[in-house]
Amino acid sequence: GPQGNWTSNDKGLADSWPKDGPPVVWAVTNLGGGGFGSPVVAGGRVFVISRPVDLSQKDKHGNYPVWPRPKCLPEPDVLTCLDRNTGKTLWTHEFNLLTNKDGTASKDGSAWNTPTVDGDVVYARGGDGEVRCISVKDGKTLWTWPKTDSAWNKKLPGSSSIAASVTVCDDSAIFVGSPGN
């Protein structure tokens, strides 16, 4: 609750769900499937980072593997922006195509981070550590860090170990991590 004491003073809250659960307003099933971040709702939009997974691989019971994680396809992570009321995709933004030491696309990465929304921008961070500041309006990149020509950036390929999401405090975007393996 608002006082941080595990209680709410709101009235009229349900004590239990209907037998079939609450009514579904909308559902989206085409977001990839590989990832550990949470969706974020802000300004009438929903933001989520995922990575397409290989759905041809099933376990001995015929289920898609979910832990430790399914094999991701050699494709980039995708930040998807959905309309909060309809679930319609407004835009997508691809980033963080992890590579192996030999330069081939990696299947071992996964979308680790939760997007951070601050007004008219959303921050997305890949498992490689790169941070992107993206326009909420149209999904266009406003800036990236580190810059592609930096010494720090040269250590990023092949690393999929950055799981800390971006934090915004006042006028600063704060992100932590190491320059990779």
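**Note on an all-strand protein model**

1. **A nonpolar patch at the surface.** Leu-142, Trp-143 and Trp-145 together make a nonpolar surface patch, and their joint accessible area is about 280 Å². Find Trp-143 first: the residue sits in strand S9, which covers residues 141–145. Trp-143 is partly exposed, because its relative accessible area is 34% and the partly exposed class runs between 20% and 50%. Keep in mind that this is a predicted model.

2. **The overall build.** The protein chain has eleven strands and zero helices. Written along the sequence, the pattern is β-β-β-β-β-β-β-β-β-β-β. Of the 181 residues in the chain, 32% are buried. The accessible surface comes to about 11,400 Å². Carbon and sulfur atoms hold 52% of that surface.

3. **Contacts across the sequence.** Take the contacts in the protein chain with a separation of 6 or more. Of these, 54% join residues that are 24 or more positions apart. The next three points each look at one buried residue and list its partners.

4. **Thr-80.** This residue belongs to strand S4, residues 77–83. Is Thr-80 buried or exposed? Thr-80 is buried, since its relative accessible area is 4% and the buried class lies under 20%. Set aside the neighbours within four places in sequence. Thr-80 then contacts Leu-31, Val-46, Phe-47, Val-48, Thr-89, Trp-91 and Thr-92.

5. **Phe-95.** Look in strand S5, residues 89–95, for Phe-95. Its relative accessible area is 3%, so Phe-95 counts as buried. Which residues does Phe-95 contact, leaving aside neighbours within four places in sequence? On one stretch of the chain there are Pro-76, Asp-77, Val-78 and Leu-79. Ala-124, Arg-125, Gly-126 and Arg-132 are also in contact, as is Ile-49. A further pair to check is Phe-95 and Val-131: 36 residues separate them in sequence, and their C-alpha atoms are 9.7 Å apart in space.

6. **Cys-133.** Strand S8, residues 131–135, holds Cys-133. Cys-133 has a relative accessible area of 3% and is therefore buried. Not counting residues up to four places away in sequence, Cys-133 touches Val-121, Val-122 and Tyr-123, together with Lys-140, Thr-141, Leu-142 and Trp-143. Two of those names should look familiar: Leu-142 and Trp-143 belong to the nonpolar patch of point 1. Cys-133 and Thr-116 are 17 residues apart along the chain, with 9.5 Å between their C-alpha atoms.

7. **A negative patch.** Four residues form a negative patch on the surface: Asp-118, Asp-120, Asp-170 and Asp-171. Asp-170 lies in the loop between strand S10 (167–169) and strand S11 (172–174). Why does Asp-170 count as exposed? Its relative accessibility is 69%, and exposed means over 50%.

8. **Two backbone angles to inspect.** Most residues other than glycine have a negative phi. Asp-170 is not a glycine, yet its phi is positive, at about 55°. Trp-6 is not a glycine either, and its phi is also positive, at about 65°. Where is Trp-6? Trp-6 is in the segment before strand S1 (33–34). Trp-6 is exposed, because its relative accessibility is 83%. Asp-170 is exposed too, at 69%. Open both residues in the viewer and check the backbone there.

Notes
Residues numbered from 1 in each chain as written. Predicted model: local features only at pLDDT ≥ 70, side-chain atom pairs only at ≥ 80, totals over all residues. Heavy atoms only, no water. Patch = residues over 30% accessible without salt bridge, like charges linked within 9 Å, V, L, I, M, F, W, Y side chains within 5 Å. Areas by Shrake-Rupley, 256 points an atom, 1.4 Å probe, with all protein chains shown as cover. Salt bridge = Lys/Arg side-chain N within 4 Å of Asp/Glu carboxyl O. Lys, Arg positive; Asp, Glu negative; His and termini not counted. Charge placed at Lys NZ, Arg CZ, Asp CG, Glu CD. Helix = DSSP H or I, 4+ residues; strand = E, 2+ residues; numbered from the N terminus. Buried < 20%, exposed > 50% of the residue type's maximum accessible area, 1.4 Å probe, protein only. Contact = heavy atoms within 4.5 Å.
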